Structures are given as C-alpha cells and as structure tokens.
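Here are some exercises to work through with the model open in your viewer. Try each task before you read the solution below it.

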Amino acid sequence: MDVLSRPLVDRTLPLLAEGYAWLPNRMRDASGSVVRTRIMGRPALALRGPEAVRFFYDERNVHRHRAIPEPILGTLFGHGAVHTLDGAAHRARKELFLPLLDPTAVAGLAERVSDAWDEAVPEWGRRGSIVLFDEAATVLTRGVHRWAGVPLDDAEAGAAARDMTAMVDGFASARPRHLRARRARGRQEERLARLVRDVRTGTVTAPAGSVLERVCAHTDVGGEPLDEKTAAVELLNVLRPTTALAWFVAFAAHALHRWPENRAPLAKGDVAFQTAFAHEVRRFYPFVPFLGGLAARDLFWRGAWVPEGGLVVLDVYGQNHDETLWGDPYAFRPRRFLERAVGRDEVIPQGGGDPATGHRCPGEGLTVGVLETLAAQLARMEYAVPDQNLAISLHRVPTLPHSGVVLTGVGRSAVP
C-alpha cells in the first residue's frame with residue numbers, strides 16, 4: 001500500500017493522556033520533523049521547525065476559520081474572536097490589536113501591573129503565606145483593567161481573576177474544569193457586553209485612547225461596528241491573556257528557586273538579562289502544546305501529505321525544546337538569548353509569523369514586557385520557599401507547579 005494512502009489510526013486518546021509530550025514523542029518515533037496521524041477523526045499533518053512555522057502561517061496553506069474546536073472557542077477565545085478569521089476579515093479585526101505592538105503600550109501596561117504588585121506586597125507580608133499563582137493573577141487583573149480603561153472595583157479583582165484563569169485552565173479539559181471555564185466566560189462576556197452598551201449609550205465614558213474606547217468604536221471589514229457580544233469577546237482577548245501571565249510568573253519563581261544564580265542580574269536591573277530571562281521562561285516551561293489549522297488545499301510537506309480540510313498541527317512545545325535549534329533544550333539558560341540573535345520563527349510560545357499581519361499573538365510584546373518587570377520585582381522581593389510539591393506535570397494542559405508556588409515571609413527587599 002502506498003505510504004500516502006496508508007490508513008491512519010486516530011490518536012486523540014493518547015494525545016489527551018500524554019499532554020505536552022504526545023507530539024514530541026511521535027516526532028521522535030518518526031525520527032524527523034513531520035508526522036502523519038489522525039486527531040478527532042480528521043487526518044492530520046504535524047510539523048515543526050522555522051520553515052514549518054512559515055509554511056503553517058501562510059494563508060495559502062492553512063486556514064484558521066472553522067479550525068478551532070467549539071470547546072476551545074466556548075472557553076478560551078470566544079465565538080467570533082479574531083483567532084477564527086482569515087484573509088481581509090482577519091486583517092481588519094487585527095487592526096484593533098495593532099496598538100498593542102507599540103512600545104509605549106507595553107511600557108504602560110508594565111507600569112500599571114508593577115504598581116498593582118507594589119500595592120499587594122504589604123498585604124502578602126501580613127498574611128504569612130501566599131500562593132503566588134493566585135496572587136499574581138489578581139495583580140495582573142487589576143493592572144490590565146486599569147490600563148485598558150475597563151472599570152473594576154478592587155474588591156472584585158479576585159473574582160474576576162479566578163474567572164480569567166478558569167477560562168485558560170479549562171480549555172483543554174473535560175468536566176468539571178471545562179464547565180467552570182464556560183461559566184466563567186459567560187459571566188465575563190455578560191459583564192463586558194453591558195459595559196460596551198453603556199459606553200455606546202453614553203452612560204459610561206471610555207478613557208480617550210483606551211482599549212475600551214477602541215473596541216467600542218471598531219468597525220470590521222464591512223464597516224459595521226462589532227456587536228456587543230463580539231466586542232466583549234475581544235475585550236476579553238486583551239484582559240484574559242494578560243491575567244494568564246500568572247502561569248509565567250509562577251514559572252519564573254520556580255526558575256529562581258531552582259537556579260538562584262539568575263536572581264542577582266534580574267534584581268540589579270540588567271535590562272538585557274531581564275529580556276533574556278523572560279524569553280527563556282517562555283521557551284523552557286510548558287504552556288501551549290501545539291497550534292492547529294485546516295489545510296486550505298491538498299498539502300505536501302517533506303514527503304508527507306494531508307488532504308484539503310485536514311488538520312495541520314504546529315508542534316509548539318516540541319520546537320521550543322528542539323535540540324537542533326537550542327543545543328541544550330532542557331537546560332534553563334537565559335544567556336542563550338544573549339549569545340545569538342534568535343530568529344522570529346525559532347521561539348514560538350505564542351505562535352509564529354508576523355504579528356502585524358498574521359496570526360502570531362499581537363500581545364507577545366506585552367507578555368515579554370510585563371514578565372520582564374514582574375521577574376525583576378520577584379527577584380528583588382524577600383521571601384522564603386517552604387517545602388511543597390513544585391513538580392510540573394506534562395500530562396496536564398495547561399500545567400503549573402503543583403503547589404502554585406507557596407511563598408512565606410514576603411516583604412520588600414533593600415536591593416535597588
């Protein structure tokens with residue numbers, strides 16, 4: 001039987017069982033950078049590497065429209081979100097997010113989050129112990145709401161943060177995490193749709209130049225404003241990913257505990273090292289396992305084939321741990337980003353391609369800027385790490401240090 005027509009066995013159950021390791025394991029078994037398989041009943045072509053990234057993000061090859069399963073839309077991205085669009089519709093909606101690429105926007109969000117962190121530290125100290133993941137999520141929620149011009153009482157920030165993290169935590173799971181994620185999205189979409197309605201009727205004034213003002217005024221490719229629900233979805237696609245940086249903050253604390261030699265250059269304000277540390281946290285620790293799209297036509301990649309309408313899967317976790325790219329991929333070594341210029345399509349924790357025109361996350365710069373700031377804040381802070389379970393399971397998606405990183409004796413340090 002020809003290799004191109006050989007029947008494919010569905011591998012959905014092994015994927016769910018193995019989590020982040022599933023696709024890298026299949027790549028290793030295939031001794032290459034491409035795998036043919038079947039996922040959720042569809043033939044699938046899985047690939048990795050910088051050239052594969054460019055192939056995947058070429059809209060002549062791969063479409064995102066209808067590629068994202070409803071359980072992920074209903075929890076993580078939202079129905080009608082920019083992630084589901086292609087072509088002119090995608091470019092028009094992407095205009096809404098392009099200001100997030102501006103360095104001034106990055107600096108503004110980092111400052112707001114840093115202020116919220118400083119406000120929280122004294123309370124953390126009075127409590128004796130904290131779970132860093134939970135507290136970082138609340139800090140990030142407060143900071144991004146202030147920066148985006150979205151009203152939120154400080155007393156409500158904890159509940160909003162729990163909803164934001166629930167959406168991320170439940171997107172790749174079955175009950176009850178998935179049900180919590182759906183309920184959380186429903187609450188937040190309803191809250192933000194009411195806000196959009198209030199801004200448009202003049203009941204609430206959106207700060208000039210804010211994300212809230214832009215979303216309320218944005219028109220899509222046909223010149224029509226976003227309906228209230230879609231506007232709420234896109235507001236959440238700014239607020240939710242920022243709160244999700246709590247995962248990276250917890251990973252940063254994990255890294256500082258395991259490799260404390262990174263603390264001094266972070267605390268002393270070595271800007272280049274702060275950036276390198278942020279990139280290495282995003283590369284080294286597991287967050288997104290892979291990304292998927294639909295083949296726009298019959299596709300061939302390095303001798304492998306998938307028919308039009310089949311799945312094309314980009315191995316994000318595998319590429320970020322590919323020995324041919326990183327040499328020592330399972331060593332946490334921030335200075336690798338200072339030793340050479342890393343290509344845009346080599347490190348892809350938030351996707352690849354051009355964020356201005358393609359599907360790469362336009363908030364990637366915000367992620368790096370905020371993580372730089374909070375990693376330095378963490379390095380300057382006094383605290384102890386008591387005995388706890390800091391294991392990180394590759395079977396759970398998304399994963400996290402098991403304890404959420406418990407800290408005791410939190411206080412401000414004298415380190416400048």
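A residue is called buried under 20% relative accessible area, exposed over 50%, and partly exposed in between, using a 1.4 Å probe and protein chains only. This is a predicted model, where local features need pLDDT of at least 70 and side-chain atom pairs count only at pLDDT 80 or more, while totals for chains, interfaces and linings use all residues. Residues are numbered from 1 along each chain as its sequence is written, and side-chain values use heavy atoms, with hydrogens and water left out.

**Exercise 1. The whole chain**

Task: check the radius of gyration of the chain against the value for a compact globule.

Solution. Start with the rule: the radius is taken over C-alpha atoms, and a globule gets 2.2 Å times the number of residues to the power 0.38. For 416 residues that puts a compact globule near 22 Å, and the chain comes out at 21 Å, so the two agree. Next, look at the box: along the principal axes, the C-alpha atoms fill roughly 70 × 55 × 40 Å. Then burial: 56% of the 416 residues are buried. Contacts come next (heavy atoms within 4.5 Å). Of those in the chain with a separation of 6 or more, 71% link residues 24 or more positions apart. Last, the accessible surface, from the Shrake-Rupley method with a 1.4 Å probe, where for residues only the protein chains shown count as cover. The total is about 17,500 Å², and carbon and sulfur atoms own 55% of it.

**Exercise 2. The open sheet**

Task: work out the strand order of the 5-stranded open sheet, and say which strands sit at its edges.

Solution. Get the bookkeeping straight: helices (H or I, at least four residues) and strands (E, at least two) are DSSP runs, numbered from the N terminus. The chain has 18 helices and 10 strands. Two strands pair if DSSP finds at least two bridges between them. Now walk across the sheet:

- Strand 1 and strand 2 are antiparallel, with 6 bridges; R38 faces P43 in strand 2.
- Strand 2 and strand 8 run parallel, with 4 bridges; L45 has V312 in strand 8 as its bridge partner.
- Strand 8 (residues 311–314) and strand 5 (residues 291–295) are antiparallel, again with 4 bridges. G293 is partnered by V312, and L291 by L314.
- Strand 5 and strand 3 are antiparallel over 2 bridges, with H63 opposite L294.

Put together, the order is 1-2-8-5-3 and the pairing is mixed. The edges are strand 1 (34–39) and strand 3 (62–63), each pairing on one side only. As for strand 5, 4 of its 5 residues are buried, so the rest of the structure largely encloses it.

One more step: find the helix that lies across strand 1, strand 2 and strand 8. That's helix 2 (residues 22–30), running at about 130 degrees to strand 1. The axes are lines fitted to C-alpha atoms, for helices over the stretch in contact, and angles run from 0 to 180 degrees between N-to-C directions.

**Exercise 3. Backbone oddities**

Task: track down M40, R302 and P398, and say where each one sits.

Solution. Keep the background in mind: most residues other than glycine have a negative phi, and most peptide bonds are trans.

M40 goes first. In the hairpin of strand 1 and strand 2, with 2 residues between the strands, M40 has a positive phi near 50 degrees. Its relative accessibility is 54%, so M40 is exposed.

R302 also has a positive phi near 50 degrees, in the loop between strand 6 (299–301) and strand 7 (304–306). At 48% relative accessibility, R302 counts as partly exposed.

For P398, check omega: the V397 to P398 peptide bond is cis, near -10 degrees. P398 belongs to the loop between strand 9 (381–384) and strand 10 (406–412).

**Exercise 4. Helix 18 and V370**

Task: test the length of helix 18, then find what V370 touches.

Solution. The expected span is 1.5 Å times one less than the number of residues. For the 17 residues of helix 18 (residues 364–380) that gives 24 Å, and the end C-alpha atoms are 24 Å apart, so it agrees. Of those 17 residues, 14 are buried.

V370 lies in this helix and, at 1% relative accessibility, is buried. Skipping neighbours within four places in sequence, V370 contacts L109, A110, V113, L140 and L245.
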